[in-house]
Amino acid sequence: MAVAAVKFGGQSMKYEYDLHIHTTASDGTRTPEEIIDMAVEIGLKGIAISDHDTVAGLEEARQYLDTTSYSLDFIPAIELNTDAGEDEVHILGYFIDPKNVTLNQRLQEIHTARYHRAVQMVSRLQESGIKITFEQVQALAKGELIARPHIARVLVNSNYAATIKEAFVEYIGRGRPGYVPRYKFLPDEAIELIKNAGGIAVLAHPGLIRDKNKVITIINSGIEGLEVFYPEHSPEEIDELLELARYYRLLITGGSDYHGPDSSESRSNLGSAGVSKELVDQIKLTLTDRL
């Protein structure tokens, strides 16, 4: 069993649900089917597939799960990438309707913007002497979405960087030669889209946001939960976020941000962070109370 246990409220809590997982539908390296098999193998009770700016992997996961005898609790989710000034802010949406028309229309606009951004980034890298092609990036992007990690992997595969992290730091991060500013998408709109699609809006990995005042601003924008348990949150940050969640009466979530074995070290272990069934039940109860 790879399911971990942590202290929560003075008691031991098992990571029974991993609520932050990426697949090949966005920038992960494992298919939805592989993720489900892995989750069952390590003893998770439930998972949320939360790909960046796409719901493409959700139906595939649901259909596969229906062909198995697994009792895995599957939660349809998404992670919307937004910007608040100089900070990148990610909003998770749980129990969304993947067929929601408004959500899908906006996602299509985002996909188009992502595609053109990736083309520009590769072009800038080529102008700076980096010999990679957009075709290489497309070959790695097995899903419908092209993201910066796909470009980073091409840079690693072409020996321009040793790791994904190094590729970002040296070539495609903010201020680097291949960087292109992202489309305009604000946290407020992401929260509204998620709620409109019947979901619960949660601020992803708030400990990574540099300007802590923005966390409060986003909470006041209508966020309903905080991703407290996360591989890159220190024990001190987890305690602070728990207090913040209690003060604002927010739901508590957690997940590994799993991208696959060849992603950054902290995000390469499924089930390395998550929450108990009890905390997931609280999310479900919130949805029930809306009816």
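Aspartate 257 is buried, with a relative accessible area of 2%. In this predicted model, the residue occupies the loop that runs between strand S9 (251-254) and helix H10 (277-290). Its backbone is notable as well: phi of aspartate 257 is near 60 degrees, a positive value in a residue other than glycine.

A second non-glycine residue with positive phi is asparagine 159, for which the angle is about 65 degrees. Asparagine 159, however, is exposed, its relative accessible area being 70%. The cut-offs place aspartate 257 and asparagine 159 in opposite classes, because buried means under 20% relative accessible area and exposed means over 50%.

Asparagine 159 also leads to the next part of the structure, since this residue belongs to the loop between H5 and H6. Two packed helices are described by the angle between their axes and the distance between the axes. For helix H5 (residues 148-157) and helix H6 (residues 164-172), the packing angle is about 100 degrees and the axes lie 9 Å apart. H5 and H6 are therefore roughly perpendicular to each other, as angles of 65 to 115 degrees are classed in this way.

On the H5 side, the contact is formed by Arg148, Pro149, Ile151, Ala152, Arg153, Leu155 and Val156. H6 contributes Ile164, Ala167, Phe168, Tyr171 and Ile172. Of the residues in this contact of H5 with H6, ten are nonpolar, two are charged and none is polar. The charged residues are Arg148 and Arg153 of H5.

Key:
Residues are numbered from 1 along each chain as its sequence is written. This is a predicted model: local features need pLDDT of at least 70, side-chain atom pairs count only at pLDDT 80 or more; totals for chains, interfaces and linings use all residues. Side-chain values use heavy atoms; hydrogens and water are left out. Axes are lines fitted to C-alpha atoms, for helices over the stretch in contact, and angles run from 0 to 180 degrees between N-to-C directions. Helices (H or I, at least four residues) and strands (E, at least two) are DSSP runs, numbered from the N terminus. Angles under 35 degrees count as roughly parallel, over 145 as roughly antiparallel, 65 to 115 as roughly perpendicular and the rest as oblique. Contact means heavy atoms within 4.5 Å. Buried means under 20% relative accessible area, exposed over 50%, partly exposed in between (1.4 Å probe, protein chains only).
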